[in-house]
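Reader: I am new to this structure and would like a close look at a single part of it. Please show it to me before we start.

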Amino acid sequence: MRCFVLGCRNDFHCYKYSGETPSKFSVHRFPIDADRRMAWLEAIARAENRELDIDAINFKAIRICSNHFPESDFILVKDRKMLCKTAVPTLFGADAVEKGKPFSTESTEDSPSIPPPVRIRKSPKEAERKTKALIDGVLGCVRKRDHKKPSQTNTLFRLEKFPHVCRLCLKAPKTETEVMIPLDATDHMMDGISVGQFISEVLPEDATLEQGLQQFLPNKICLPCLELLKFFAKFRCKITIAHLLMNSLVELKQHKTSLPIVDLFKTKSDLVKTVIKDLGLCRRSRYGVRDLLKEFPRYDLASFQGFDAQEVKNEKQNDKDNFSDGEKELAPDEVIPKQEIEKDLVEELANYPVESSMIYAEECTVEELNELTKVNPDLLVMDSSNNYPTFKKEKPPAKSKYGGKKLDQPLQCPKCRYSTPYQRNFETHQEVHKKREARVYACKHPGCTEVFNTRSEYKRHGPMAHKAYICDHCGLKMSTQSELKNHLARHLHKLEHPCPYCERRHNTKTDLRNHIRYMHLSRVGYQCKICQSSFSRKYIMEEHMATHSNTYAYPCTLCDKKFNVKKYLKSHISTVHERNRLPCRYCSITYDRNYKLNNHIESAHGIQVRFVCDVCVMTYNSQDKLDVHMARHNQPHEMECGRCLTAFTSKDLLDSHPCITYR
C-alpha cells in the first residue's frame with residue numbers, strides 16, 4: 001500500500017518482505033469528520049492540480065504518511081507521537097518532503113508558483129435531485145395516473161383491445177398516457193424509411209396482407225418493440241456491410257479489380273469503419289483502403305483455390321478405407337454396450353495428466369461426463385474453456401449455529417417465510433420478532449412526547465408536526481425547503497411561468513403543472529358512487545358526497561340552521577347574519593348574490609356584463625377576454641379539442657373522446 005499522494009514514494013508494506021530497514025515515517029488514516037476530510041482533499045488537490053471525486057474514493061483503504069505534515073502538527077501522548085485533530089497536510093513535492101518544509105505561498109524566481117485552487121466535485125445527490133425535478137417538470141404536465149379499476153372481461157385470449165395494440169407484440173397500452181409510436185415515423189437506423197415500410201421488408205410474402213386489408217392492422221408499436229426493431233436493423237446493417245466487404249475481397253481476387261472495395265469505402269465509409277471497429281478487424285485506429293489493398297497479397301484468400309465439396313467427400317471415403325485390420329467397422333444396426341463405452345472412457349482419461357485431484361477431460365462429451373460423475377461421485381472433472389460444463393462436489397449441508405439435533409420436519413415461522421430444522425435456531429428467530437414488535441420510536445424533538453410503533457410513522461411525523469422552515473414575510477411554517485422556495489416565489493408575484501393553453505401566468509412551475517393538469521388535461525379520476533358524477537380533484541368529490549348525506553355536521557352558532565357542507569355554512573353567515581351586500585354601480589340597490597346583481601344591471605340599465613361563448617358556454621366579464629377565448633377555439637393546440645378546449649396526451653384519445661358541443 002502506497003501513500004495517497006501521487007508524488008510520494010513511501011510504500012507501507014515493502015519493508016515487511018524485503019528485510020530492509022524501514023524509514024522513519026508513520027501512517028495515518030483520513031479523518032472521519034466530513035469537514036476535516038474535505039480540508040485534506042482540498043489541500044492534496046491544490047498541490048497536485050487534479051480533481052478528486054469523494055464518492056469514488058474508498059477512505060477505509062487509503063493512507064497518508066507523516067512526511068506531508070510539519071513537526072508542529074504532532075504531539076506526544078504516552079511517549080507516542082500522535083497527529084493533532086486540526087492537522088492538515090501541507091508538505092508536498094520531493095524537495096519539500098526531504099527538507100520537511102511546506103511550499104511557500106509567495107512566488108519567487110527559483111520556486112514555481114502554486115497552481116490555482118481546484119474545485120472538488122461535490123456529492124452528486126444535489127445534481128441527482130435537480131435532474132429528477134427537471135424530469136418531473138417536463139413530464140409532469142402530461143403524466144396521469146390511471147385510477148380506474150381494470151375492466152373485468154370474460155375473454156379467453158387477451159385480444160379484446162385489438163387492433164388498438166402494438167403491431168409486433170399485440171399488447172395494449174397499460175395506461176392512457178403510455179407512448180405508442182406510429183408506423184409512419186422514420187428512423188435513421190432503418191435507412192430513412194418508415195417503421196411500417198421496414199416491417200414490410202422484413203416480413204416474408206406469405207405473412208403480408210393485401211393493400212386493401214392493411215387498414216385493419218394495428219398502426220402503432222410500443223417503445224420496447226421499437227428498441228428491438230432498431231437492434232435488428234443495426235444487426236442487419238452490420239451483416240450486410242460484412243458481406244459487402246467479403247464480396248469485394250472476392251472480386252479483388254477473382255477479377256483483379258479494386259473498384260468494388262474502393263467504392264465501398266468511399267460511399268459507406270462511416271458504416272464500414274463502424275463494423276470494422278465492432279468486429280475488431282483492424283489493429284490500428286487510423287487506416288484506409290490503400291492499406292487493405294497493399295497487404296492483400298499476404299492474405300490466405302490471395303492463394304486460396306476455393307472449397308471443393310468433392311475433395312471433402314473423398315477425404316471421408318479415404319478415412320473410411322483406412323481402418324486397420326484389427327478394427328471392425330460397425331454395422332448400421334449394431335450398438336456398443338454402455339458398459340464398454342464407460343470402461344474405455346475411464347481408461348482413456350487415466351492417461352491424461354492428473355494434478356491437484358483433477359482430471360482434464362477436454363475431449364469428452366457432456367453425456368460421457370455425466371456417466372463418469374454418476375459412477376464415481378468423488379471424481380471432479382474440470383475444463384479450462386468458458387462454455388464447457390463444470391462438475392463440482394456438492395457442499396456439505398449447513399450445520400446449526402447453536403448446535404442441537406436436526407429435526408425430521410423443518411419448523412416454519414408463522415410470521416414470515418423463515419424455516420429451519422433446528423429448534424434452537426427457531427427459538428432465536430422468534431426472539432428477534434418479539435424485540436421488533438416491542439420496539440417503539442419516540443420523537444426526539446424537544447417537548448414532543450409522541451411515540452410510534454413503526455419507523456415509517458416516525459419518519460412522517462417529523463416534517464409534518466415539527467416544521468423547521470419558516471417564511472420571513474408571513475411567518476408560515478413549512479415541512480420542506482422546496483415548499484418554502486415555492487412560497488417565497490408566490491410572495492414575489494413575478495408570474496414568470498405562462499400557461500401554453502391560455503393567457504394565465506403563474507409564480508412557480510408547481511402551480512403551472514397543477515393548472516395544466518386540472519384545468520386543461522382530460523382528467524376524470526374521482527367518481528361519485530351515488531350519482532356517478534365525475535370530478536378532477538378528490539376534495540371536490542368529497543364536498544359533493546357530503547351533499548348526498550343526511551348528516552348536518554356544521555350548525556350555525558347564530559341561529560338554529562344546520563348544513564352538511566362547510567361552504568354552505570360560510571355563505572349563510574355572510575349573507576344572512578353579516579348581511580354582506582353587493583351594491584349596483586348605477587343605482588342604490590344592493591343584492592346578496594352576484595348573479596342577481598348581473599341580472600339587474602342587464603335588465604334595468606341595459607348594460608351587458610356577461611359575455612358568453614356560443615361554443616362552450618364559458619362566461620367572461622369583458623369582450624376582450626371573450627375574444628382571447630374564441631381565438632383558442634379557432635386555433636387550438638395540436639392535442640387540444642377545438643370545441644371543448646380539453647387537452648389530451650395522444651392523438652387516439654383526442655379522436656375518441658366524447659366531445660359535447662353546445663352550439
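Reader: How many residues does the largest nonpolar core have, and which residues have the most contacts inside it? Please take that core as the part to examine, then set it against the rest of the chain.

Author: This is a predicted model. The largest nonpolar core has 25 residues, and Phe-4, Phe-30 and Leu-41 are those with the most contacts inside it. Two elements, α2 (34-48) and β2 (64-65), each supply at least two residues of this core. The largest share comes from α2, with five residues.

Phe-4 gives a view of the surroundings. Leaving aside residues up to four places away in sequence, Phe-4 touches Phe-30, Leu-41, Ile-44, Arg-50, Leu-52, Ile-57, Ile-62 and Arg-63. Phe-30 and Leu-41 are thus on the list of residues that Phe-4 touches, and both are also named with Phe-4 among the residues with the most contacts inside the core. A second, separate core has 15 residues, among them Ile-193, Phe-198, Cys-222 and Leu-229. In soluble globular proteins, nonpolar side chains tend to be buried together.

Now the rest of the chain. The protein chain comes to 21 helices and 25 strands. Of its 663 residues, 25% are buried. Among contacts with a separation of 6 or more, 36% are between residues 24 or more positions apart. The chain exposes about 50600 Å², and carbon and sulfur atoms supply 52% of that area.

Some nonpolar side chains lie at the surface. Leu-156, Phe-157, Leu-159, Phe-162 and Leu-170 make a nonpolar surface patch of about 560 Å². Leu-156 is in the loop between α4 (125-139) and β5 (180-182). Leu-156 counts as exposed because its relative accessibility is 78%, where the cut-off for exposed is over 50%.

The cysteines can be treated by a distance rule: a disulfide needs two cysteine sulfur atoms within 2.5 Å. By this rule the count is zero disulfides. For Cys-169, the closest cysteine sulfur is in Cys-166, at 3.6 Å, so the two are too far apart for a bond. Cys-169 has 28% relative accessibility and therefore counts as partly exposed. The sulfur of Cys-587 is likewise too far for a bond, because its closest cysteine sulfur, in Cys-584, is 3.6 Å away. Cys-587 is partly exposed, with a relative accessible area of 27%.

Terms used
Residues numbered from 1 in each chain as written. Predicted model: local features only at pLDDT ≥ 70, side-chain atom pairs only at ≥ 80, totals over all residues. Heavy atoms only, no water. Patch = residues over 30% accessible without salt bridge, like charges linked within 9 Å, V, L, I, M, F, W, Y side chains within 5 Å. Areas by Shrake-Rupley, 256 points an atom, 1.4 Å probe, with all protein chains shown as cover. Salt bridge = Lys/Arg side-chain N within 4 Å of Asp/Glu carboxyl O. Helix = DSSP H or I, 4+ residues; strand = E, 2+ residues; numbered from the N terminus. Buried < 20%, exposed > 50% of the residue type's maximum accessible area, 1.4 Å probe, protein only. Contact = heavy atoms within 4.5 Å. Core = buried A, V, L, I, M, F, W, Y, C linked by side-chain atoms within 4.5 Å.
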